[in-house]
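Biologist: I should like to go through this structure term by term. Please set each value against its definition.

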Amino acid sequence: MPQLQRLAVNAAQICDRTINLTPEQQHYLHRVLRLNQGDKFIAMDGRGHWWLAVLEAQETGLIASITAEIAVNKELGVEVTLMAALPKGNGFDEVVRQATELGVASILPLTSDRTLLKPSAQKVDRWIRIATEAAEQSERQIVPVVVEPVSFDLAVKDCHQKHRFICVARGENRYLGDCLSPLEPPQPRAGTGAPPLQRGEQEPEEEPQELSIAIAIGPEGGWTDGEVQKAIEFGFEPVSLGSRILRAVTAPIVALSLVGSAFEKRPSPKKIP
Ligand code: SAM
């Protein structure tokens, strides 16, 4: 349904097949997108559910009624966490936008030994907004989680992903693409086909992902040897993204493209009669 506009909503806004729109969402749908009573749009909760919704005018304002679940799955099917040291300036904005387009599930901004940027609290809100817009634009069902910046030490220690890679610009390390290709293909991801929650119903427990991957990218100055050693201690494999030295904002895109190349669901080629 490419012609329909998409709106990210919070699962808590949905009750008895009704979406209680916030004033900002009403403004966006009505004033910005020029939708009126009876017009349809796609509501996505950022957790894998998409619904076809119809706008209804009430005395209190606009609400939306859910008319159908849209069973599409455009997600990669592997849970990818990007752990990226903060680059200078606004470079992380583009990292968030493009990583979202490439299918990442979570983004952890890192402060490392050579990180120069000290991010403000507003930055995180901005990155969440960018991730939400990029998820809508790229027709994803999931809005990646963007968390507060966390120290490299804590991030590697708390990393729970099954497969962990730290991208190191120099040295003799395996190519990330070669590390990913032997990994088992993922099971279909849970999250489509579920009806919206009814009043009083609890969100079901998240199913564990079959395959989860963490990829760490350093800042402009690279990782220190100590950081690479620490990551190895916590189960990260140092990997290469190729023979050329990539910018800190380019490396995440290359790494995530390799993930897409390994795990993207492709239609089977048509048989030539
Ligand atoms: N100043 C560092 C140096 O000279 O070694 C280069 C840092 S690079 C600009 C920023 C980050 O991107 C690196 O820490 C690494 O995580 C990643 N990166 C860039 N090129 C890479 C490559 N060819 N292989 C693996 N990682 C790479």
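Modeller: We begin with pLDDT, which is the predictor's confidence in each residue, from 0 to 100. This is a predicted model, in which local features need pLDDT of at least 70, side-chain atom pairs count only at pLDDT 80 or more, and totals for chains, interfaces and linings use all residues. Residues are numbered from 1 along each chain as its sequence is written, and side-chain values use heavy atoms, without hydrogens and water.

Biologist: What is the pLDDT over residues 205-209, and how many contacts does the model have for them?

Modeller: The pLDDT stays under 50 there, and the model has four contacts beyond four places in sequence; contact means heavy atoms within 4.5 Å. For the protein, the mean pLDDT is 86, and 85% of residues reach 70 or more.

Biologist: What makes the pair formed by a ligand nitrogen atom and Arg244 a polar contact?

Modeller: A polar contact here is a pair of N or O atoms within 3.5 Å. The ligand nitrogen is 2.7 Å from a polar backbone atom of Arg244, so the pair qualifies. A ligand nitrogen is likewise 2.8 Å from a polar backbone atom of Leu241, and a backbone N or O atom of Leu246 lies 2.9 Å from a ligand nitrogen.

Biologist: How much of the ligand's accessible area does the protein cover?

Modeller: By the Shrake-Rupley method with a 1.4 Å probe, the protein covers 87% of the 580 Å² that the ligand has on its own.

Notes
A polar contact is a pair of N or O atoms within 3.5 Å; within protein, one must be able to donate a hydrogen and the other to accept it, and residues adjacent in sequence count only if both atoms are side-chain atoms.
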